[in-house]
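User: Please take a close look at one part of this protein for me. I would like to know how its charged side chains are placed and paired.

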Amino acid sequence: MTLPFEARTQFNMQEALLRSELNTLTNEVSDMNKYRSYFEGEQELVYSTDLFKQIFGNAFEGFSDNWVKVVVNVVRDRLKLVSFNFEDDDDFVLADEIWRVFRLNNINTQQRDLHEGTLVEGRAFVIVWPDEELGATIDWQPGQICRVFYDPDRRTRPLWAIRRWVTESGDTYITFYTPEFVYKYIDNNTTATGSNAVTNASSTSALTEIPGVGSFGNLEQRIIEGESWPLPNPFKRVPVVEFNNTSYTSAIKDTIPQQDALNKTLLDMLVTGEFQAFPQRVVETMASAPAGGWTAGAGEVWHFTPSVDADGKHIPSQFTNFDVADPSTYMEPIQMWLEHMALTSSTPVRYFTQSDRGGRGDSPSGESLLVDDKSLNDKVEAIQDLNGNSWINVAQLVALALGKSESATLIGDAVWQGPEHDYRMTRLKEGVEMAKMKIPLQFIVTQLGFRPSEVTMLLEMIEERDAEIQAAEDEARVLREENEQSALAVSNPQSDAGTSDNT
């Protein structure tokens, strides 16, 4: 069927738009895959000389001592969304209803993977869509397969979004999201195994293969039974929400050179331990030194014929040893690289050692933990501020899916578990001190990381407890007064009798 001129023109413009966006996405994928590979420990050895490669070949292929994973995990484990707090929702009915949908979508697991994606690849996405059973589906997407285009005049307003991925059957699917419609395509010119295919090294992503752009000239409408094409967008806004790390860059970008240096230093230590950590006997026959001097290397054996003097008499050989190389000398540079990585990533150095701060035997505890982790906690709070609005946007979409028409302008805050959550006893002590300063209880419990609904519940419980205590005190007072009156009557019976006679 031939499309009318207007429709064909619109389709060609849309195809050109998709081509531009997908080319941009493809150019970014290689860096994101590199960061994901480093995070997973798939790190290519660098700084190796040609002679080293010639001698050892692939003997150390796949070797790495993965420390960039520490940089990501200490932040990811502190990023936990726990609820929402909306304006004009004093009883938290709307917040609880939205959070129920989040829980039905296994939000704890999804947000862990999503936050990891923002730290590793630099960005990740959430797609929301209405669902009769759950109320709404909330699906996180890795950064390699999505892209959102924003209004140049209003950076916070998305104009459209794309998602491109490979199915288990090897088909390449493209979905184009606009505020009015959702367009679904099959790309017949690109396959996951083609020459332009890009492999996703992530073992934790929801998808395992990412296609290349290819020639991109043969889009076919992907028709789904029971759906119209294009599919009307009930939200009237782009249902793809972007989450990102600071400056859209990976949290491990600046630590990769240090990780490479660590791997090389550790490898040198292994080679030293294998070939130079034990005495090696040397036989000196008075022969002249070879070109370049006397050297010892892996697999090298020097062989010389016996030497004789001017009279032809044999010169006795002498036996000696090469000096032993101590592998422990590499520990200091290894520690230096770990400290540099800690400084670069704002990660407390104790996370790179087994027990304490660089082996000094003064592992922090209690209040000193808060001081030692300040730079890390500041970093976590900055990421919370950065992505809090993104979670509010997801909540708005969920509210729209639930039929809350006013949610398009829903204003509120994402409530995070405090980064100091692991130091609960220290925080409780802080709460006690704040109470002594007459700081309102509601503020104190909020600072301790309670959810808004939990704060309301706690205040209601305190109110009920105080009411019960007051009622018990009133009852005791009345009983005490009655007992006092009874005792007074028993101790002064004549007063009662006199009163009776006079009467």
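Analyst: Start with a loop. Aspartate 90 sits in the loop between β1 (81-86) and α4 (93-104). Its relative accessibility is 69%, so aspartate 90 counts as exposed. Keep in mind that this is a predicted model. Aspartate 90 belongs to a negative surface patch, together with Glu87, Asp88, Asp91, Asp96 and Asp413.

Now turn to charges that pair. Side chains of opposite charge can pair when their charged atoms come close. The structure holds 13 salt bridges. One of them joins the side chains of arginine 76 and glutamate 116, with 2.7 Å from N to O. This pair links distant parts of the chain. Arginine 76 is in helix α3 (residues 68-76), and glutamate 116 is in helix α5 (residues 107-120). The two residues are 40 apart in sequence.

Are these two partners buried or exposed? Arginine 76 has a relative accessible area of 10%. The cut-off for buried is under 20%, so arginine 76 is buried. Glutamate 116 has a value of 6%, so glutamate 116 is buried too. Both residues also belong to a network of salt bridges. Its members are Arg36, Glu40, Arg76, Asp77, Arg112, Glu116 and Glu121.

Next, look at aspartate 151 and arginine 157. They form a salt bridge, and their closest N and O atoms are 2.6 Å apart. Aspartate 151 counts as buried, at 12% relative accessibility. Arginine 157 is partly exposed, with a relative accessible area of 36%.

A further salt bridge lies within one helix. Arginine 477 pairs with aspartate 474, and the closest N and O atoms are 4.0 Å apart. Both residues are in helix α12 (residues 452-491). They are 3 residues apart there, so about one helical turn separates them. Arginine 477 is partly exposed, with a relative accessible area of 35%. Aspartate 474 is partly exposed as well, at 30%.

Finish with another loop. Glutamine 417 lies between β15 (412-416) and α10 (424-436). Its relative accessible area is 16%, so glutamine 417 is buried. Which residue, far off in sequence, comes within 5.6 Å of glutamine 417, C-alpha to C-alpha? That residue is lysine 80, which is 337 residues away along the sequence.

To recap: aspartate 90 is exposed, whereas arginine 76 is buried and pairs with glutamate 116.

Technical notes. Residues numbered from 1 in each chain as written. Predicted model: local features only at pLDDT ≥ 70, side-chain atom pairs only at ≥ 80, totals over all residues. Heavy atoms only, no water. Patch = residues over 30% accessible without salt bridge, like charges linked within 9 Å, V, L, I, M, F, W, Y side chains within 5 Å. Areas by Shrake-Rupley, 256 points an atom, 1.4 Å probe, with all protein chains shown as cover. Lys, Arg positive; Asp, Glu negative; His and termini not counted. Charge placed at Lys NZ, Arg CZ, Asp CG, Glu CD. Helix = DSSP H or I, 4+ residues; strand = E, 2+ residues; numbered from the N terminus. Buried < 20%, exposed > 50% of the residue type's maximum accessible area, 1.4 Å probe, protein only.
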